[in-house]
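Visitor: I have a model to go through and some short questions about it. Can we take it piece by piece?

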Amino acid sequence: MAAIQQNSLILVWLFVLPFFVAGCAALFPRFSLRFHSDAERAAMAWAPFSLAALACVMGVGLTVSLLPTALTGGRVTADYWWTQDLYHFRLQADGLSLLAVFAVYLLGFLLHLHLVGLREAGPPAEATGTVNPTGAYRAALILAAQGCAIGALLSGDLIVLVFSLESGLICLWALVSVTAPRRGLRFLVAAQAGGTLVLGGGLLMWRQVGDTSIHALPLLLLSMNPPELRMVSALILLGLLPLILGAPAHGWLVSLLPLKRNVPMVPATLLVIVGTALMLRLLPGVLVLPGLPAFAALCLVLGLFSLWWGALRAWIATDLGAFAAWLTVAQSGYLLVALAAASSPTAPPSIMQAAALQVLLAPAAILAVWSVASYVAARTGSDALPGISGMTKTMPLAGVALLVGGLSLAGAPPLAGFHVQRWLISGLFVDGRWALGVVVILADLFIAAAVLGVFRQAFLRAEPPPPSAPASPWLSGQLALLVGGIVLVGVWPGPLMRWCEVIFRTTLSLSP
Amino acid sequence: MTISAPVIAAVVVGAALLLVATVMALRPRRAASGLSWMITATFAYCILGLAAALQARESDGLRGAAVQLIALALAAVLALQCQSRESGEPGTPQGLASAARAVAWLTLLGLPPTIGFHAKVMVYRSLLNVGWGGVAALAMAAAVAGVLPAVWALGSSPPLPLKGSRAVISVALIALIAALGLYPHLAVSLASAAERLAAP
């Protein structure tokens with residue numbers, strides 16, 4: 001009955017690991033709170049975070065170990081009967097899903113590094129490990145959402161995809177609801193509507209062709225009647241759209257800003273990674289079909305709106321946290337523009353490759369800007385721009401990280417983001433979409449100007465810098481790691497770009 | 001495709017009950033009232049599954065209705081363990097009680113990782129199997145609308161703390177609902193047995 005292939009244990013391990021860690025994160029602080037002294041609690045408080053970091057390292061290791069198979073055009077699959085005669089619990093790792101899983105694990109690893117650093121640098125209540133149950137609850141939810149995101153990315157079946165995706169969205173809703181119940185409500189309604197649309201598309205496809213497998217999606221869709229084909233495509237794509245849409249769908253992001261110590265950018269970047277990777281994965285079967293011109297137009301309008309709205313709000317942001325939040329919204333706009341442009345029948349492969357590359361590089365650059373906001377807040381007690389100035393001498397690394405992360409988002413050479421923008425803009429020009437290319441270049445320039453403005457205000461002004469606490473080596477290490485990574489990929493992009501080309505040739509070249 | 005009178009009656013009753021219960025749940029009332037209406041709406045899914053089974057046995061509607069009934073029973077019993085506070089009554093929220101209330105609502109809404117998700121999928125599939133796309137769309141829309149009363153209820157005063165046997169029952173039910181959600185084979189097998197009994 002169960003067809004378990006050789007690599008399935010690895011896949012399942014990859015899938016369940018974050019859940020295990022989420023359980024540890026939730027359980028240890030409570031145990032420590034009840035049974036241990038303050039000193040012991042401080043020691044125990046390290047346990048969940050160290051475990052989570054270890055899990056992320058193992059996850060990245062496992063992902064890399066699966067890469068040779070995925071990069072040669074193969075797929076590592078696991079196929080269980082979920083319900084005996086209804087549908088399969090299929091998992092499938094290919095080049096694209098592994099790229100996105102890699103991004104999620106990287107995000108998780110850096111998050112935990114950051115949390116350990118904040119714990120060390122934080123006020124006495126945190127430093128002594130006095131456990132805040134809400135904090136443990138949030139940590140567990142973020143980790144569970146990461147696990148569900150990985151599940152969705154590895155799903156080989158539309159029903160499994162909806163199951164994983166909605167589980168993750170429920171975790172994020174619970175997270176958002178802690179501080180912003182009304183925004184949480186809007187988020188849950190949008191998430192549930194999106195999930196139901198994808199489910200409806202999957203069920204309609206199943207009714208027509210008797211299968212909901214993602215691997216065979218293009219061929220399955222081709223065997224359907226055109227009206228039903230359009231309906232299925234529209235349902236699936238409209239269901240996934242709210243995940244990537246920056247404005248207004250991710251407006252709740254800014255409401256999370258008071259929670260800087262819990263690094264609230266994780267939910268937003270998770271959603272953008274997962275939404276883009278899933279849409280790219282379903283793209284060959286759905287978006288390039290010429291039946292949905294309206295969808296490309298909708299994607300383009302929403303993408304340009306997100307891009308410019310995010311850039312404008314970043315320009316007028318009055319603190320570093322809000323600046324990073326609005327840059328995240330702008331990045332989701334870039335992704336939507338790339339997806340919309342890629343749906344053109346004459347679009348060159350570089351546009352879709354740019355979207356795939358952006359899945360990995362945008363979170364790294366956003367994380368750099370977020371980390372600077374959190375680093376400055378941890379050391380000076382505030383990240384409000386009017387209150388900070390002249391920090392070049394006291395926090396030079398933070399200044400470099402802000403410049404590198406922000407300018408990478410704007411596509412400045414020789415940083416990693418330059419290659420994304422190069423692929424995207426050259427693809428648009430090759431496709432004859434000059435106006436759109438110029439709009440994207442203008443947005444890049446606008447974002448670069450906003451980054452330089454914030455850098456000048458926080459780091460270059462002549463006023464004396466605010467008093468600051470000593471730097472945590474963990475936080476400094478994270479900033480150095482991010483800066484080094486972004487510069488390294490920018491200067492030596494070969495392996496990553498080849499990976500994206502292979503993704504296009506294998507996963508994305510299935511287009512009918 | 002001909003539709004017999006009992007089938008028409010079942011579809012009309014099921015759809016009307018779903019519509020009325022969802023609309024009533026959307027009216028701002030006490031949280032307990034919203035829960036009662038959502039239980040009624042969930043029961044309507046069972047009726048729709050049965051209607052699909054009456055129309056065509058191979059539609060799998062009977063099994064869908066049975067799994068939905070299992071999910072409904074588990075969620076209702078779990079919800080009964082949670083006693084609401086009077087509006088505005090002070091009190092510290094208890095994690096177990098809040099979790100029990102949330103899991104009951106998630107099951108009724110058909111959201112993962114609960115058995116309610118599989119129940120809803122099976123009912124939708126059975127409706128599509130007999131070609132009732134409109135009814136399936138109505139059922140899906142009702143599931144989305146049901147999120148609003150759920151969030152209002154979950155955002156209201158926290159339930160009273162669960163102690164003693166109530167706590168034990170709640171933990172067992174939460175575990176069972178999650179286990180059946182992650183491994184629905186058990187519930188589907190039970191439903192298959194029910195189908196064999198009902199239509200040998």
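Guide: First a term: buried means under 20% relative accessible area, exposed over 50%, and partly exposed in between, with a 1.4 Å probe and protein chains only. Of the 512 residues of chain A, 62% count as buried. This is a predicted model, where local features need pLDDT of at least 70, side-chain atom pairs count only at pLDDT 80 or more, and totals for chains, interfaces and linings use all residues. Residues are numbered from 1 along each chain as its sequence is written, chains are lettered from A and ligands numbered from 1 in the order in which they are written, and side-chain values use heavy atoms, with hydrogens and water left out.

Visitor: What does the secondary structure of chain A come to?

Guide: Chain A has 20 helices and 2 strands. These are DSSP runs numbered from the N terminus, helices being H or I with at least four residues and strands E with at least two.

Visitor: And what share of its contacts join residues at least 24 apart?

Guide: The share is 81%, among contacts in chain A between residues at least 6 apart in sequence. Contact means heavy atoms within 4.5 Å.

Visitor: On to the interface. How many residues does the contact take from each chain?

Guide: Chain A gives 25 residues and chain B gives 30 residues. Together the two chains bury about 2,600 Å², and 76% of that is on carbon and sulfur atoms. Buried area is the accessible area (1.4 Å probe) that two parts lose on being put together, summed over both.

Visitor: Which helices of chain A supply at least two residues each to that side?

Guide: Helix H7 (158-179) and helix H8 (181-209) of chain A do. H8(A) has the largest share of the side of chain A that touches chain B, with 12 residues.

Visitor: How does that side split by class?

Guide: The side of chain A that touches chain B has 16 nonpolar, 6 polar and 3 charged residues. Here Ala, Val, Leu, Ile, Met, Phe, Trp, Tyr, Cys and Pro count as nonpolar, Asp, Glu, Lys and Arg as charged, and the others, Gly among them, as polar.

Visitor: How many salt bridges are there between chain A and chain B?

Guide: The count between them is 0. A salt bridge is a side-chain nitrogen of Lys or Arg within 4 Å of a carboxyl oxygen of Asp or Glu. Over all chains the count is 1 salt bridge.

Visitor: Which residues form a salt bridge, with closest N and O atoms 2.8 Å apart?

Guide: B:Arg63 and B:Asp60 do. Both residues are buried, B:Asp60 with a relative accessible area of 17%. Side chains of opposite charge can pair when their charged atoms come close.

Visitor: Where is B:Asp60 found?

Guide: B:Asp60 is in the loop between helix H2 (31-55) and helix H3 (61-81) of chain B. The phi angle of B:Asp60 is near 70°, a positive value in a residue other than glycine.

Visitor: Backbone again: which residues does a cis peptide bond join in chain A?

Guide: A:Pro413 and A:Pro414, with omega about 0°. A:Pro414 sits in the loop between helix H16 (396-409) and helix H17 (416-430) of chain A. In chain B, a cis peptide bond joins B:Pro112 and B:Pro113, with omega about 0°. B:Pro113 belongs to the loop between helix H4 (95-109) and helix H5 (115-129) of chain B.

Visitor: What about disulfides, how many over all chains?

Guide: The count is 0 disulfides over all chains, a disulfide being a pair of cysteine sulfur atoms within 2.5 Å. For A:Cys148, the nearest cysteine sulfur is that of A:Cys171, 4.7 Å away.

Visitor: Is A:Cys148 buried or exposed?

Guide: A:Cys148 is buried, at 4% relative accessibility. A:Cys171 also counts as buried, at 12%.

Visitor: Next, where does A:Arg379 lie, and what does it touch?

Guide: A:Arg379 is in helix H15 (residues 349-380) of chain A and is buried at 12% relative accessibility. Not counting residues up to four places away in sequence, A:Arg379 touches several residues, including A:Thr394, A:Met395 and A:Pro467.

Visitor: Last one: how far is A:Leu428 from A:Ala341 in space?

Guide: The C-alpha atoms are 7.3 Å apart, while the two residues are 87 residues apart in sequence. A:Leu428 is in helix H17 of chain A and is buried, with a relative accessible area of 0%.
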